[in-house]
Amino acid sequence: MVGLSVGEKNFIKGGIAQDLRNDGRKRLTYRPIYVETGVIPQANGSARVKLGETDVIASVKAELGKPRVSHPDQGKVYIYVECSPTAEPSFERRGGDELSTELSIALERSLLGGKSGAGAGINPASLLIKEGKVCWDLYVDCLVISSDGNLLDALGAAIKAALSNTGIPRVQVREAASSDEQADVDVSDEEFLQFDTSGVPVIVTLTKVGRHYIVDATSEEESLMSSAVSISVNRHGMICGLTKRGGAGLDPSVILDMISVAKHVSEQLLNKLDSEIEAAERANEEEP
Amino acid sequence: MEYVNPEGLRLDGRRPMEMRQLRAEIGVVSRADGSASFEMGNTKVIAAVYGPREVQNRSQQMNDQALVRCEYSMANFSTGDRRRKTKGDRRSTEISLVIRQTMEACILTNLMPRSQIDIYVQVLQADGGTRSACINAATLALADAGIPMRDLVTSCSAGYLNSTPLLDLNYLEDSAGGADVTVGILPKLDKVTLLQMDAKLPMDIFENVMQLAVEGCKAVDSYIREILLENTKTLEIHRGV
């Protein structure tokens, strides 16, 4: 937890009111974002995202699984977040579990769409190999290494980068003799398919401090928040998920205002993130 | 299976007495008091140190020395097959204990009574030798945190396969069923602080294998000192001295 004196609190609040925050940013400016892809060689895709002093890793592993009975035409995606005690001593043993679960659920809500698969960043139908028999299960594992506020946005960005780094082996289904038999599949170890990640949204969290709201709050600023709204917006400006946290109530008109601001900010963030991911991929190709 | 081919090369192309590539970086977790990442080939770990600080649990406070704690955790994606592990299983508890005892032996705990030092190690990639890599990362992180130590502790493992002593086993060699000797030393004082072995070895061969591991520790030590010196130089430049 952050320990702040009354003077420090007032200083941060005053800075936000005057649109000049402690680190010199404006209310709606992100910290510099740094992306590195392919950091975990044994995963199908991975990325490390640093947002100021917040540092997270996301990895994607694909395993062959069976589609759900309720949705035989879709693959499955799972998101798990783990908070390492390196980020905060209070995360040791089971201390980080609560936050981990909160972040996992918020990410699933923001990125995976509804039960039917509508609004999902990755089209679950594209993970299907044979209807009702075989599909890809995507396991997205995230690790928080260092935390300085705004974990959700950083994790969202890391997942987006990891997904665009992911290669799924091409799979050929051999025609099974009878329909109820276990499907026979050939997993290619040479050909890899890339995902269409253009639809993966970014998450913009607006944190309300005093009368104003800010993006990309540091942990000092987060300790002063009254409430926060996380909005995930995709390339087309559509809202894919929404989470409100914090105890204080918000006026409905303020929420609508926040959403339109988030939509505006997300455009810049998406462009910045896309160019960072591209630069990271290029650096990877040049290295070996 | 053949772990050393007739040309004398191992599965990953190393010579029997060759270490994997070492890589270390200091200050990877900027909010911790001290931190470092350490890589031995494909094994990659991060260590963060918090403290010396007030003891969180008063009943554990000691009036004559500092309390040293350690937690070892493995990321879900660190191993080849994805497994969801519960925290605090037997293996990680044992490794936490080993690291704690090893680091406690070199920290001058009597200089910091009534305080607590937390060492957190996080495995990002596991490819054999995580124990050694964790100890090396923890040493660097403690040095980065400026915690007074008798000496640096460095660790390295060695094994014995196909009648050849092998230095710094990777996962495949580690799971081959041969002996695996993990040694931790205080290089300047020339003392062994950690020694673990599984499987069995004849006495005279054990001596050779252990000697090889000690040589490995010394090589790690010279690398770690190089990194620390480099780090001090950059700090000096930042201060404008």
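Where in chain A is A:Asn150 placed? A:Asn150 sits in the loop between β6 (134-146) and α3 (151-164) of chain A. Keep in mind throughout that this is a predicted model.

## Two backbone oddities

Let's stay with A:Asn150 for a moment. This residue has a positive phi of about 55 degrees, although it is not a glycine. Most residues other than glycine have a negative phi.

The other backbone feature to look up is in chain B. The peptide bond running from B:Gly51 to B:Pro52 is cis, and its omega is near 0 degrees. Most peptide bonds are trans. As for where to find the proline, B:Pro52 belongs to strand β3 (residues 43-54) of chain B.

## Where the chains meet

Now for the interface. On the chain B side, 29 residues are in contact with 33 residues of chain A. Put the two chains together and about 2,700 Å² gets buried between them, with carbon and sulfur atoms giving 49% of that area.

Charged pairs turn up here too: the count between chain B and chain A is 3 salt bridges. If you want to find a salt bridge between the chains on screen, go to B:Arg31 and A:Glu53, whose side chains meet at 3.9 Å, N to O.

## Salt bridges overall

Side chains of opposite charge can pair when their charged atoms come close. Over all chains, the count comes to 29 salt bridges.

One of them is worth a click within chain A: the side chains of A:Arg21 and A:Glu221 form a salt bridge at 3.0 Å, N to O. That pair links distant parts of the chain, 200 residues apart. A:Arg21 is in the loop between α1 (6-17) and β1 (33-37) of chain A, while A:Glu221 is in helix α4 (residues 219-222) of chain A.

## Helix α2 of chain B and its partners

Helix α2 (residues 130-145) of chain B can be followed through two contacts, starting with helix α1 (residues 90-106) of chain B. The axes of this pair come within 10 Å and cross at roughly 45 degrees. That angle makes α1(B) oblique to α2(B), and the crossing is right-handed. From α1(B), the residues taking part are B:Arg91, B:Glu94, B:Ile95, B:Val98, B:Ile99, B:Thr102 and B:Met103. They meet B:Thr130, B:Arg131, B:Cys134, B:Ile135, B:Ala138, B:Thr139 and B:Leu142 in α2(B). Sorted by class, this contact has 8 nonpolar, 3 polar and 3 charged residues.

Next up is helix α4 (residues 203-239) of chain B, whose axis comes within 11 Å of that of α2(B), with a crossing angle of roughly 30 degrees. So α2(B) counts as roughly parallel to α4(B). Here, too, the crossing is right-handed. From α2(B), B:Asn136, B:Leu140, B:Ala143 and B:Asp144 take part, and they meet B:Val220, B:Ile224, B:Ile227, B:Leu228 and B:Asn231 in α4(B). The class split for this contact is 6 nonpolar, 2 polar and 1 charged.

## Helices α3 and α5 of chain A

Back in chain A, α3(A) pairs up with helix α5 (residues 252-286) of chain A. Their axes come within 11 Å and cross at roughly 45 degrees. The two helices are therefore oblique to each other, and α3(A) passes α5(A) in a right-handed crossing.

Which residues of α3(A) meet α5(A)? They are A:Ala157, A:Lys160, A:Ala161 and A:Ser164, and on the α5(A) side you'll find A:Leu270, A:Leu273, A:Asp274, A:Ile277 and A:Glu281. The residues of this contact divide into 5 nonpolar, 1 polar and 3 charged.

## A long-range stop in chain B

One last residue to click on is B:Leu172, in helix α3 (residues 171-174) of chain B. Its C-alpha atom is separated by 9.6 Å from that of B:Asp12, although B:Leu172 and B:Asp12 are 160 residues apart along the chain. Leaving aside its neighbours within four places in sequence, B:Leu172 is in contact with B:Tyr3 and B:Leu11.

Conventions: Residues numbered from 1 in each chain as written. Chains lettered and ligands numbered in written order. Predicted model: local features only at pLDDT ≥ 70, side-chain atom pairs only at ≥ 80, totals over all residues. Heavy atoms only, no water. Axes fitted to C-alpha atoms, helices over the stretch in contact; angles between N-to-C directions. Helix = DSSP H or I, 4+ residues; strand = E, 2+ residues; numbered from the N terminus. Parallel < 35°, antiparallel > 145°, perpendicular 65-115°, else oblique. Left-handed = near helix turned anticlockwise from the far one by under 90°. Contact = heavy atoms within 4.5 Å. Nonpolar A, V, L, I, M, F, W, Y, C, P; charged D, E, K, R; others polar. Buried area = accessible area lost by both parts, 1.4 Å probe. Salt bridge = Lys/Arg side-chain N within 4 Å of Asp/Glu carboxyl O.
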